[in-house]
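Colleague: Could you walk me through this one slowly? I would like to pick out a few residues and ask about their surroundings.

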Amino acid sequence: MDTIEFFEKPGCSTNTKQVAALRAAGCAVDTRSLLSHPWTADTLLAFLGPLPSTAWFNPAAPRVKTGQIRPDALMPEEALAALLDDHLLIRRPLIRIGDTRMVG
């Protein structure tokens, strides 16, 4: 079985519980910081590309909750630029297992 590459927000209690559940199920999990990973448009779109751009955002991110960022008002190019500028906006976790990528 492939190791699960799990991009998380360090300190997020929900991500911690998710990783614990995966490990309890016998999965090998390699956790990585979503915030410090050197994302590029291509690497991020490999996860997010199949989804509508409004689903790329973490609805609990402070800038989304306050309305400073309105995902529904952004074109996909603008949305991607916002995510690359502020990784807290990225919906999490991002998970890679071999060639398969998942979001949330």
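Modeller: Gladly, and please keep in mind that this is a predicted model. We could begin with Arg96, which touches Thr3, Ile4, Glu5, Phe7, Phe47 and Arg101 when residues up to four places away in sequence are not counted.

Colleague: Where is Arg96 found, and is Arg96 buried, partly exposed or exposed?

Modeller: Arg96 is found in strand S3, and with a relative accessible area of 23% it is partly exposed. Its C-alpha atom and that of Ala24 are separated by 18 Å, the two residues being 72 apart along the chain.

Colleague: And Glu8, what is Glu8 in contact with?

Modeller: Glu8 has its place in strand S1, and, leaving aside neighbours within four places in sequence, it is in contact with Asn15, Thr16, Val19, Thr31, Arg32, Ser33, Leu34 and Leu35. The relative accessible area of Glu8 is 13%, so Glu8 is buried, since buried means under 20%.

Colleague: Let's change to the helices. How do the axes of H2 and H4 cross?

Modeller: The axes of helix H2, residues 41-48, and helix H4, residues 76-85, come within 11 Å and cross at roughly 110 degrees. Angles of 65 to 115 degrees count as roughly perpendicular, and H2 and H4 are therefore roughly perpendicular to each other. The crossing of H2 and H4 is also right-handed.

Colleague: Which residues meet there?

Modeller: From H2 there are Ala41, Leu44, Leu45 and Leu48, and these meet Leu80, Leu83 and Leu84 in H4. The residues of this contact divide into 7 nonpolar, no polar and no charged.

Colleague: What does Leu44 touch, then?

Modeller: Not counting residues up to four places away in sequence, Leu44 touches Trp39, Leu80, Leu83, Leu84, Ile90 and Leu94.

Colleague: How many residues are in the largest nonpolar core, and which touch the most other members?

Modeller: The largest nonpolar core has 18 residues, and those touching the most other members are Trp39, Leu44, Phe57, Leu83, Leu89 and Leu94. H2 and H4 are the elements that give two or more residues to this core, and H4 gives the most, with 4 residues. There is also a second, separate core of 6 residues, which includes Ile4, Val19, Val29 and Ile95.

Colleague: Now for the loops: is Ala61 buried or exposed?

Modeller: Ala61 is found in the loop between H2 and helix H3, residues 62-65, and at 2% relative accessibility it counts as buried. Leaving aside neighbours within four places in sequence, Ala61 is in contact with Leu88 and Leu89. Ala61 and His87 are 26 residues apart in sequence, and their C-alpha atoms are 9.6 Å apart in space.

Colleague: What about Gly11, is Gly11 buried or exposed?

Modeller: Gly11 is found in the loop between strand S1, residues 4-8, and helix H1, residues 13-24. At 74% relative accessibility Gly11 counts as exposed, because exposed means over 50%. From Gly11 to Arg101 the C-alpha to C-alpha separation is 22 Å, and the two are 90 residues apart in sequence.

Colleague: One more thing, is the peptide bond from Arg92 to Pro93 cis or trans?

Modeller: The peptide bond from Arg92 to Pro93 is cis, with omega near -5 degrees. Most peptide bonds are trans. Pro93 is found in the loop between H4 and strand S3, residues 94-97.

Methods: Residues numbered from 1 in each chain as written. Predicted model: local features only at pLDDT ≥ 70, side-chain atom pairs only at ≥ 80, totals over all residues. Heavy atoms only, no water. Axes fitted to C-alpha atoms, helices over the stretch in contact; angles between N-to-C directions. Parallel < 35°, antiparallel > 145°, perpendicular 65-115°, else oblique. Left-handed = near helix turned anticlockwise from the far one by under 90°. Contact = heavy atoms within 4.5 Å. Nonpolar A, V, L, I, M, F, W, Y, C, P; charged D, E, K, R; others polar. Core = buried A, V, L, I, M, F, W, Y, C linked by side-chain atoms within 4.5 Å. Buried < 20%, exposed > 50% of the residue type's maximum accessible area, 1.4 Å probe, protein only.
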